[in-house]
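Could you walk me through this model in the viewer, stop by stop? I would like to know what to select next and what is there.

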Amino acid sequence: MKEYGNKVQLVIKFYPYKYRDFARISAEAALAASDQGRFSEMHHIMLRKSPQLDRTSLLAYAKEIGLDVEKFRASLDTKKNDKIIERDLKLALDLDLYNTPTFFINGRRIIGNVPYEYLKKIVVEELNAAKK
Amino acid sequence: MQGTAISSPPPLSSHVSGIPLLWLGGGNCRKNILKRLSGLVSVVSRVYGGKMRKLLLIILFAGLLIGTASAEIKRYTIPVEGSPSFGQRDAPLTIVEFIDYQ
């Protein structure tokens, strides 16, 4: 994102693995933060702190980034954004995804934690193609 | 090949359609085709000699390169409305990332 500025949009879809204890709640935390306009901060702090993503830690991160903690807590408790997560899960299953992260770069599927240079190569190819 | 996976190899047919035939059908298909090609090269070499074998190898290799180059990239349409994002909505390039934070 830093390298390509306004030429790239990154959209996040949630695909919490059902056998990981905190995968689902961390997705809910991301959306709860998004409701308060702080998705970016929560997204990045969770990536940094992972796998420490239990409920207590998430509440601490919410406080750290300046969220309304009570609203955040209520969002987690009521599973307010459950529909969005279910929607993304269904999409992932429909796409037959089996690994995270999975990227779609202008629709081209890239599976797994690939080297940055490889992702960059695809990005450059697609940006060049978009210019034509 | 597109779709390099670190953790486990993807079904390659979901990334590339058309030629190269070698990459469709999985490992057994590849082994069978390579075995047959190897047999063909041996036969040609015995019947026509070393020069023909070299010519056949060059033709096969060129065919593989052309096939790989002409293979189509499969693209998926991913709906993005209602999902959190970074960057501008009208950017020329959209990356959708399916993520598990844990």
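Start by colouring chain A by secondary structure and following the chain from its N terminus: the pattern reads β-α-α-α-α-α-β-β-α. That gives six helices and three strands in chain A. Keep in mind along the way that this is a predicted model. Of the 132 residues of chain A, 35% count as buried. Among its contacts between residues at least 6 apart in sequence, 50% join residues at least 24 apart.

**Stop 1: chain B**

Now switch to chain B and trace the pattern β-α-α-β-β-β. You will find two helices and four strands there. Of the 102 residues of chain B, 13% count as buried. For contacts in chain B between residues at least 6 apart in sequence, the share joining residues at least 24 apart is 40%.

**Stop 2: H1 and H3 of chain A**

Go back to chain A and select H1 (23–35) together with H3 (55–64). Their axes come within 10 Å and cross at roughly 20°. With an angle under 35 degrees, H1(A) is therefore roughly parallel to H3(A). The crossing of this pair is right-handed.

Show side chains next. On the H1(A) side, pick Ile25(A), Ser26(A), Ala29(A) and Ala33(A); they meet Arg55(A), Leu58(A) and Ala62(A) of H3(A). Sorted by class, this contact has five nonpolar residues, one polar and one charged.

**Stop 3: H2 against H3**

Keep H3(A) on screen and add H2 (39–49) of chain A: the two helices pack at an angle of about 135°, with axes 10 Å apart. H2(A) and H3(A) are therefore oblique to each other. Here, too, the crossing is right-handed.

Which residues of H2(A) meet H3(A)? Select Met42(A), Ile45(A), Met46(A) and Lys49(A); their partners in H3(A) are Ser57(A), Tyr61(A) and Glu64(A). By class, four residues of this contact are nonpolar, one is polar and two are charged.

**Stop 4: the largest nonpolar core**

In soluble globular proteins, nonpolar side chains tend to be buried together. In this model, the largest nonpolar core has 36 residues, and those touching the most other members are Ala27(A), Ala29(A), Ala30(A), Ala33(A), Met42(A), Met46(A) and Ile105(A). Colour the contributing elements: S1, H1, H2, H3, S2 and S3 of chain A, plus strand S4 (93–99) of chain B, each give two or more residues. H1(A) provides the largest share, eight residues.

Now centre the view on Ala30(A). Leaving aside residues up to four places away in sequence, Ala30(A) touches Phe39(A), Met42(A), His43(A), Met46(A) and Pro84(B). Pro84(B) leads on to the last stop, the contact between the chains.

**Stop 5: where the chains meet**

How many residues does each chain bring to the contact? Chain A puts in 52 and chain B 35. On the chain A side, the elements that supply at least two residues each include S1, H1, H2 and helix H5 (82–94), and also S2, S3 and helix H6 (116–131). Select S1(A) before the others: it gives the largest share of this side, seven residues. To finish, colour the chain A side by class, where 33 residues are nonpolar, 13 polar and six charged.

How values were computed: Residues numbered from 1 in each chain as written. Chains lettered and ligands numbered in written order. Predicted model: local features only at pLDDT ≥ 70, side-chain atom pairs only at ≥ 80, totals over all residues. Axes fitted to C-alpha atoms, helices over the stretch in contact; angles between N-to-C directions. Parallel < 35°, antiparallel > 145°, perpendicular 65-115°, else oblique. Left-handed = near helix turned anticlockwise from the far one by under 90°. Contact = placed C-beta atoms within 7 Å. Nonpolar A, V, L, I, M, F, W, Y, C, P; charged D, E, K, R; others polar. Core = buried A, V, L, I, M, F, W, Y, C linked by C-beta atoms within 7 Å. Buried ≥ 20, exposed ≤ 12 C-beta atoms within 10 Å, placed from the backbone.
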